[in-house]
Amino acid sequence: MIVARRKPFPEIKGMLDPYSRALVAGCGTCVAVCLAGGEKEAGVLASQLMIASSVDKKEFYASAATVERQCDREFLELFRDRVKEVDAVVSLACGAGIQFFAEMYPEVPVLPGVDTSFIGVAEDAGEWSERCRSCNQCYLGITGGICPVTMCSKGLLNGPCSGPIHGKCEVDHERNCAWIMIYERLEQQSRIGLQDAPAPPMNHGLRPHPSRLVHSAYKRRFNIG
Amino acid sequence: MASLFKEGLKSGAFQIVARLVPPRSANLAGVSALAASWKGKVNSILVADNPSAIMGVASLVSAERLVRDGHDVIMTLSCRDRNRMALGSTALGAAALNIESILCVSGDHFNFGDHPESKPVYDLDSVQLIGMLRDMQDGSGSTANGPTEPFSFFLGAVARATADHSMPHLMKARKKISDGARFLITLPIFTMSELEPVLSGLSDSPVKILAGVLLPSYEQIRSYQDGSIPGTLIPEELVRSWKDAGEEAFISSSAAHVKKLVSELKTSGRVAGVCVSATGRESEIEGLI
């Protein structure tokens, strides 16, 4: 899932300074799971903003609403009536959702309420970590299911740098070196031969920005249907 | 101009390489003076490329000054700061300036250096850089260099010597060799026995291995803990005795230790040469070899 963290309250409040009626728009998928921008967090932020404005004696009103996902137009459509009532929106979706919101409602400023951090997993209660950098050319088949692009601080594709000390990454001594883990996993699975040949340089042509993916069969079927 | 270092390795003569860190100012007079003090005592000078991610004069520019001064050089090229375009064009520049020996490294992470907020590049890793430069020589790679204007690189890489998780490091060293590395310089060792994993692990390879040795600064030792010097593990006993010694005694005992190690390496017949680094103590190098 996409992991995000909510922006510090003073930053959000500062962005809203010029406005008097705001909608805090939650997203019920990834950012809800990582406790950054779901229904509960949207409600809390709206309340925080109301309390702060009353302390500041500023005429201001904030309300909250959350949809299933902000990365689908049909869900974003559900905000239409609410957007008409405000002069600013704080979206708590990831960067993709915030932009899609802004694209759908160009008449109103859509402000980011979170910083989008990474694509990752839930390690533990309240703890997430990165696992994928969406390079569009997955190496996991030859690296024992451990991604060197993401898990190696340098994203090296052919083995460890000279830096790891006692199996730990030179950049973060708390974290295991990805390449030592890859080596040990492949050896455990008797697949270390997969690393005999050097991996060629990554093809950055496969990851243009912004990327686009078309599922032609589905598109065809949907358009006909 | 052929690399004297390459010829020296080919002849089997023990090669002495001194590592030079380009200055953090726009003045190469110190580089010239230091190299002049090594003249006749070292076979080649390894020019570092923003080591420990601290910004200094470009390795190509410093190397070119040394070539003009009449020294043989090995230029370091780090993947940390350049994408493949910049790496290739820097290497072509080196070839145009008669710099043949290139040490290809991934590069210490920005976290160690003076610009920790930089974007780490690592478009290629050191294995891929070696492969790209190898292919550039015959025009089979990403440059349009044709066979009418041939040039050659003498490519090398760094190898981690010690027993700390040696197998993954050996795996990578083999890839470097298969992609075109002709010499390897180990990360600093402090005792002969630390070389064992790399020497035995690569004994079936024709690659020439030079042992890296380091004359550390007092500051490096005073604040030393495993991991504080990138890729370098100093044996616990040595750290303790150097830390306990006090600055003055440390200066002389560390120099004596490195001098003895260099002499052991020279007589051992097990390595093709030695590469001496001396953080902030470069003027002492001539006394160690």
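**Exercise 1. A serine in a loop**

Task: A:Ser134 lies in the loop between strand E7 (127-132) and helix H7 (148-151) of chain A; describe its backbone angle phi and decide whether the residue is buried or exposed.

Solution: The model is a predicted one, and every value used in these exercises is computed from it. Begin with the backbone, where phi of A:Ser134 is near 45°, which is a positive value in a residue other than glycine. Next take the surroundings: A:Ser134 has 11 C-beta neighbours inside 10 Å, and because a residue with 12 or fewer is called exposed, A:Ser134 counts as exposed.

**Exercise 2. An alanine with a positive phi**

Task: Locate B:Ala53 in chain B, give its phi, and work out whether it is buried or exposed.

Solution: The first step is the location, and B:Ala53 is found in the loop between E2 and H3 of chain B. The second step is the angle, since phi of B:Ala53 is near 55°, a positive value in a residue that is not glycine. The third step is the count of neighbours: 21 other C-beta atoms lie within 10 Å of B:Ala53, and because 20 or more are needed for a buried residue, B:Ala53 is buried.

**Exercise 3. The helix that follows**

Task: Name the buried residues of helix H3 (residues 59-68) of chain B, and state which elements are included in what covers them.

Solution: Reading along H3(B), the buried residues are B:Ser59, B:Leu60, B:Ser62, B:Ala63, B:Glu64 and B:Leu66. Their cover includes helix H2 (29-38), strand E2 (44-47), strand E3 (73-78) and helix H4 (84-96), which belong to chain B. To see part of this cover from the other side, look at B:Val47, whose contacts, not counting residues up to four places away in sequence, include B:Ser59, B:Ser62, B:Ala63 and B:Leu66, and also B:Val73, B:Ile74, B:Met75 and B:Thr76. Finally, just after H3(B), B:Gly70 takes a positive phi of about 95°.

**Exercise 4. A methionine in helix H8**

Task: Describe the setting of A:Met181, beginning with its helix and ending with its distance from A:Val33.

Solution: A:Met181 belongs to helix H8 of chain A, which covers residues 178-188. It has 21 C-beta neighbours inside 10 Å, so A:Met181 counts as buried. When residues up to four places away in sequence are left out, A:Met181 touches A:Ile146 and A:Asn176. A:Val33 is 148 residues away along the chain, and the C-alpha atoms of A:Met181 and A:Val33 are separated by 28 Å. Further on, in the loop between H8 and helix H9 (216-224) of chain A, lies A:Pro210, and the peptide bond from A:His209 to A:Pro210 is cis, with omega near -5°.

**Exercise 5. The form of each chain**

Task: Set the radius of gyration of each chain beside the value for a globule of its length, and describe how each chain is built.

Solution: Chain B contains 10 helices and 8 strands. Its radius of gyration is 18 Å, close to the 19 Å that the globule rule gives for 289 residues, so chain B is as compact as a globular protein of that length. Buried residues make up 49% of chain B, and 77% of its contacts with a separation of 6 or more join residues 24 or more positions apart.

Chain A contains 9 helices and 7 strands, and its radius of gyration is 22 Å, whereas a compact globule of 225 residues would have one near 17 Å. Chain A is divided into domain 1 (2-118) and domain 2 (135-225), and the centres of these two domains, taken over C-alpha atoms, are 34 Å apart. In chain A 39% of the residues count as buried, and residues 24 or more positions apart account for 56% of the contacts with a separation of 6 or more.

**Exercise 6. Where the chains meet**

Task: Describe the contact between the two chains, and then the nonpolar cores of the model.

Solution: Start with the interface, where 25 residues of chain A are in contact with 30 residues of chain B. On the side of chain A that touches chain B, the residues divide into 13 nonpolar, 10 polar and 2 charged. Turn next to the largest nonpolar core, which has 99 residues, and in which B:Ile45, B:Val47, B:Met75, B:Ile102, B:Leu210 and B:Val274 touch the most other members. The largest share of this core, 7 residues, comes from H8(A). A second, separate core of 39 residues includes A:Cys34, A:Phe101, A:Val114 and A:Trp128.

Note on methods. Residues numbered from 1 in each chain as written. Chains lettered and ligands numbered in written order. Predicted model: local features only at pLDDT ≥ 70, side-chain atom pairs only at ≥ 80, totals over all residues. Domains from an automatic or database assignment. Helix = DSSP H or I, 4+ residues; strand = E, 2+ residues; numbered from the N terminus. Rg over C-alpha atoms; globule rule 2.2 N^0.38 Å. Contact = placed C-beta atoms within 7 Å. Nonpolar A, V, L, I, M, F, W, Y, C, P; charged D, E, K, R; others polar. Core = buried A, V, L, I, M, F, W, Y, C linked by C-beta atoms within 7 Å.
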